[in-house]
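Colleague: I'm new to reading protein structures. Could you open one up and let me ask about it?

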Amino acid sequence: MKKATILIALFVLLLVSNAFSLTLKTLNIVKISQTKQTIMLQFDNLENYTYIRLSNELFYIGTNKAIINTNLKPNYDIERVILKQLPNQTRIYFKLNPDYQYDINLSKTNKKTLIINLNISEKKENIKPTQLSTNSTQNSQPTLNNNNQGNPPIITAPIKLPSYNPKNITIVLDPGHGGKDSGAVGILGLKEKDVVLSIAQYCAQILREKGFRVVLTRDSDVFIPLAQRVKIANDAKTNLFVSIHANASTDPSAKGMEVFFLNATSNQKALKIAALENDVPLEQMGTINKIIISLINQAKLKESAILAKDVDDSIYSITKPVYPGLINRGIDQAPFYVLVGTNCPSILIETLFITNPKDNEYLKDSNYQQTIAKGIASGLIKYLDTYKNN
């Protein structure tokens, strides 16, 4: 009888553990400006979710059945956060201040983080209820079948003109390596330092033609220490910082582009890339992770994650139609030294793998260099159009 009781108890525990396949670890609400607020939901592993807009001031996020390990505390324009546990779904409702109008957009920066951006304006009229999922158009039915891990949509529109005065915006472009530091060396001796300098110069030309003030941490084949690159950015009082690199691997089949923002991570792939760019042994990255956690600015982290998403989407939408077979590895986070000390949203772009035969062909092609430069510039302008505090 005792054994039977134990078996029943174990069976019940198994059912409970299977019922809750997801954990919400943190919920942070940040006020970026008077007209912009961000909700960041951090899960242990978010594969699927649904966003349902019920009215101008009420929406909810639906996920697989989840354990809530954080305080669902409202703040700023979020007046109430309400948890509702259904048999097969967890819903988190957000009730907003009804005195304003809200434009809401979502981005999933990685497998764990969901960012909800609120753009706030004077109220004109209530919007009609809509139902949106992360992989749908506005008229689609809500679904938990999220395919954000796939390719972003292809958009071939020209670079959008900024809606603010670009003369008031400073952008620092940081071509990695240089001089005695060649960076990764690819097939037939193609050097990372040469490729990324060319891309940065093309990008600077595009942005300057749009009226932006652009600073390059190096504009020739010279070695600039990482700390000096950070100082250049902060002395310039930059609004955005973009470090440009080319990836490398001992596996020649590894390919594709990737965009990183600063954060601590346990992802070994990301740590290896950060160790390479930081020029430190991989075994030291654990200590660097701890330093990053103590130094990280949460507001900057959130803005950098959004910037990374905008740039990643823009690069892929512009390059993919012209360069078939190009792979988008998406957004990730890692403790890059060059991103730590900057006082603004900062990202690092691994353009492609210089050690992959096809990627190598693209990287050495000046037309590709100009195309990806256009994608970077387009993504920066997209971010500024949405999040610049005018």
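Modeller: Gladly! One term before we begin: two strands pair if DSSP finds at least two bridges between them. Keep in mind too that this is a predicted model.

Colleague: Thanks! How many helices and strands does the secondary structure come to?

Modeller: The protein has 390 residues, and 51% of them count as buried. Its secondary structure comes to 9 helices and 16 strands.

Colleague: In which sense do β2 and β9 pair, and over how many bridges?

Modeller: Strand β2 covers residues 36-43, and strand β9 covers residues 113-122. One place to look is Thr 38, which stands opposite Asn 117 in β9. The two strands pair in the antiparallel sense, over 7 bridges.

Colleague: Which residue is the bridge partner of Tyr 100 in β9?

Modeller: Here we turn to strand β8, residues 100-108, which is joined to β9 by 9 bridges. These two strands run antiparallel. In β9, the partner of Tyr 100 is Glu 122.

Colleague: How many residues of β2 are buried?

Modeller: Let's take the two ways its residues point. Lys 36, Thr 38, Met 40 and Gln 42 point one way, Gln 37, Ile 39, Leu 41 and Phe 43 point the other way, and all are buried. The count for β2 is therefore 8 of 8, with buried meaning under 20% relative accessible area.

Colleague: Which side chain of opposite charge is nearest to Arg 53?

Modeller: Arg 53 lies in strand β3, residues 49-55, and is buried. Its side chain reaches the backbone oxygen of Ser 55 at 3.0 Å, and the backbone oxygen of Tyr 102 lies 2.8 Å from a polar atom of that side chain. A salt bridge needs atoms within 4 Å, and Arg 53 has none. The nearest side chain of opposite charge, 5.8 Å away, is Asp 103.

Colleague: Which helix gives the largest share of the largest nonpolar core?

Modeller: In soluble globular proteins, nonpolar side chains tend to be buried together. The largest core here has 53 residues, and Ile 376 is one of those that touch the most other members. The largest share, 10 residues, comes from helix α9.

Colleague: How many residues are in the second, separate core?

Modeller: Let's first finish with Ile 376: beyond its neighbours within four places in sequence, its contacts include Ile 199, Val 242 and Ile 349. The second core is separate, and its members include Leu 22, Ile 29, Tyr 51 and Ile 92. Its size is 25 residues.

Definitions and conventions: Residues are numbered from 1 along each chain as its sequence is written. This is a predicted model: local features need pLDDT of at least 70, side-chain atom pairs count only at pLDDT 80 or more; totals for chains, interfaces and linings use all residues. Side-chain values use heavy atoms; hydrogens and water are left out. A nonpolar core is a set of buried Ala, Val, Leu, Ile, Met, Phe, Trp, Tyr and Cys residues joined through side-chain atoms within 4.5 Å. Buried means under 20% relative accessible area, exposed over 50%, partly exposed in between (1.4 Å probe, protein chains only). Helices (H or I, at least four residues) and strands (E, at least two) are DSSP runs, numbered from the N terminus. Contact means heavy atoms within 4.5 Å. Lys and Arg count as positive and Asp and Glu as negative; His and the chain ends are not counted. A polar contact is a pair of N or O atoms within 3.5 Å; within protein, one must be able to donate a hydrogen and the other to accept it, and residues adjacent in sequence count only if both atoms are side-chain atoms.
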